[in-house]
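Colleague: I am new to reading protein models. Can we go through this one together, term by term?

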Amino acid sequence: MSPNGLDAKTFFERVEGITYNDFILLPGHIDFALNEINLETNLTRNIKSKMPVVSSPMDTVTESRMAISLALSGGIGVIHYNNTIEEQAKEVRRVKRFENGFITEPVVLSPNHTIKDVDMLKEMYGFSGIPITEDGTLDSRLVGIVTKRDTDFEEDRNKKLKDVMTTQLVTAPAGISLAEGNRILKESKKGKLPLIDKQGRLVSLMSRTDLLKNIDFPYASKNKDKQLIVGAALSTREEDKERLAELAKAGLDVVVIDSSQGDSVFQISMVKYIKSKYPQIDVIGGNVVTAKQCKSLIDAGVDALRIGMGSGSICITQDTLSVGRAQGSAVYHTAKFSREYGNIPVIADGGIAHIGHIVKALSLGASTVMMGGLLAGTSESPGEYFYEGGVRVKKYRGMASHEAMERGGGKRYMSDKDRIKVAQGVSGTVVDKGSVVHLVQYLMQSLLHSFQELGCKNIQELHKGLADGTLRFERRSQSAQIEGSVHNLYSFKEPHLGLLRMNR
Ligand code: IMP
């Protein structure tokens with residue numbers, strides 16, 4: 001055994017596959033403070049983010065709420081495609097239209113609606129301040145607003161809104177800053193501030209009750225037009241070209257070609273098609289686990305690669321098909337090849353079962369990590385909470401579980417048209433982890449500590465250490481793994497619910 005561990009080349013170029021749990025990183029020399037560490041990274045050749053976190057395109061993980069919160073926190077969300085073209089495009093549009101503190105798709109009514117309609121909306125959404133536009137759609141002129149004060153004492157609930165609405169409006173021009181909007185709201189003492197365009201059409205709304213929640217997100221992932229960055233998944237099938245056209249119209253920044261085995265003629269031709277038809281959209285190809293697969297997709301023109309086959313927490317591909325690779329080895333070998341062959345960023349996808357696995361994935365050459373299970377069960381993931389054995393949980397399922405395939409999820413496995421469907425994933429539950437915003441803050445703070453222990457100020461330095469052999473690795477025996485986890489206690493309290501438990 002080497003007194004200072006092994007370099008990655010010696011460690012990984014052996015026969016057996018290595019997973020995140022199989023190794024530990026040896027400490028480096030600390031000569032900087034925590035606040036000097038910068039986690040900025042490249043998701044793709046052209047898209048940067050302040051945090052190396054990406055959410056998986058799964059129907060129990062990423063829709064617009066997740067993508068918005070993650071982009072605000074400095075990561076990027078990829079909207080799943082287990083839905084209709086219209087639904088997926090709508091989710092993308094929601095993210096692109098999102099402005100912090102501004103309600104970009106407010107519910108509106110027309111002057112001919114009645115107070116009863118307002119009552120119904122209050123019951124459904126819990127708010128009663130409704131802008132009134134000429135024809136009751138967002139695209140028409142703002143003519144009034146109905147608030148609780150206009151309807152409280154009205155006994156005739158069939159009365160038309162044009163007879164009760166307030167028409168003396170305090171409005172502001174669309175495009176003002178959040179701070180300016182907040183100032184007007186405070187000074188006007190109104191509950192709502194409609195923002196209108198030059199033609200007087202309603203664009204968005206600010207709400208007094210949201211004032212305190214309007215926190216700033218300094219790390220938000222935004223494009224040059226200051227819109228949040230969002231990705232969406234696509235299959236390799238011909239008809240998904242139509243899907244892509246709608247996603248492009250909605251303003252998509254990056255497409256993930258979602259396939260469990262990316263090295264196929266179908267994917268290569270789809271990559272070439274996207275790169276020639278939509279040069280403004282970056283393409284993430286995958287999934288791949290070998291250098292040879294990487295070469296096929298890099299030659300086709302991908303802007304990043306998604307790495308992983310069989311490592312996902314809900315995945316049974318390795319058991320079922322006996323094809324795949326241990327995730328540590330997969331990330332190391334693909335990242336090494338991609339760095340040397342065109343400097344293409346790789347995304348370590350799946351198998352991040354533990355908070356500490358994030359730094360391990362990055363230390364093997366990944367530029368970002370994609371997570372499903374770790375982000376599922378947050379309040380921003382799709383689905384409702386329910387109780388299982390007294391624990392508050394949410395559903396989390398593989399896209400190739402029988403359940404998801406029934407809704408179309410088999411597209412990534414080329415099995416959506418098969419008569420007999422072979423499941424490559426399972427359906428289960430994960431514990432309630434609260435808001436993803438807080439979860440990501442926790443994960444990133446922990447990552448800063450890891451970087452400090454390693455003596456690296458940023459991801460580029462970590463990758464340099466990997467390439468030049470100064471980053472040192474050591475194999476963990478079974479008993480070393482037991483020693484490194486909580487042991488010999490009758491009971492203990494987890495520091496962050498669910499993050500340790502997932503490792504068992
Ligand atoms: P996790 O973060 O370990 O939960 O893994 C999430 C990853 O598993 C996704 O990003 C996909 O690459 C992969 N995945 C999603 N659904 C399935 C499935 O049904 N079978 C196998 N892998 C899946």
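Colleague: What separation do the centres of domain 1 and domain 2 have, taken over C-alpha atoms?

Modeller: The centres are 40 Å apart. First, a caution: this is a predicted model, where local features need pLDDT of at least 70 and side-chain atom pairs count only at pLDDT 80 or more, while totals for chains, interfaces and linings use all residues. Residues are numbered from 1 along each chain as its sequence is written, and side-chain values use heavy atoms, with hydrogens and water left out.

Colleague: Where do domain 1 and domain 2 lie in the chain?

Modeller: Domain 1 takes 8-97 + 220-498. Domain 2 takes 102-216. The bounds come from an automatic or database domain assignment.

Colleague: Which residues come nearest to the ligand?

Modeller: They are Ser56, Ser313, Asp349, Tyr396 and Gln424, out of 25 residues around the ligand. A residue is near if one of its heavy atoms lies within 4 Å.

Colleague: What makes the pair between Tyr396 and the ligand a polar contact?

Modeller: A polar contact is a pair of N or O atoms within 3.5 Å; within protein, one must be able to donate a hydrogen and the other to accept it, and residues adjacent in sequence count only if both atoms are side-chain atoms. An N or O atom in the Tyr396 side chain is 2.6 Å from a ligand oxygen, so the pair meets the cut-off. Met399 offers a backbone N or O atom 2.8 Å from a ligand nitrogen. The protein covers 96% of the 500 Å² of accessible area that the ligand has on its own (Shrake-Rupley method, 1.4 Å probe).

Colleague: How do you know that strand S15 and strand S16 pair?

Modeller: Two strands pair if DSSP finds at least two bridges between them. S15 (residues 346-349) and S16 (residues 368-371) have three bridges, in the parallel sense, so they count as paired. One bridge joins Ala348 to Val369 in S16. Strands themselves are DSSP runs of E, at least two residues, numbered from the N terminus.

Colleague: In what order do the eight strands close into a barrel?

Modeller: The order is S4-S5-S11-S12-S13-S14-S15-S16, with parallel pairing. Strands of a sheet pair through backbone hydrogen bonds.

Colleague: What makes the backbone at Asn287 and Lys226 worth a look?

Modeller: Most residues other than glycine have a negative phi, and most peptide bonds are trans. The bond from Gly286 to Asn287 is cis, with omega near -5°. Asn287 lies in strand S13 (residues 282-288). Lys226 is not a glycine, yet has a positive phi of about 65°. Lys226 sits in the loop between strand S10 (202-207) and strand S11 (231-234).

Definitions and conventions
Helix = DSSP H or I, 4+ residues; strand = E, 2+ residues; numbered from the N terminus.
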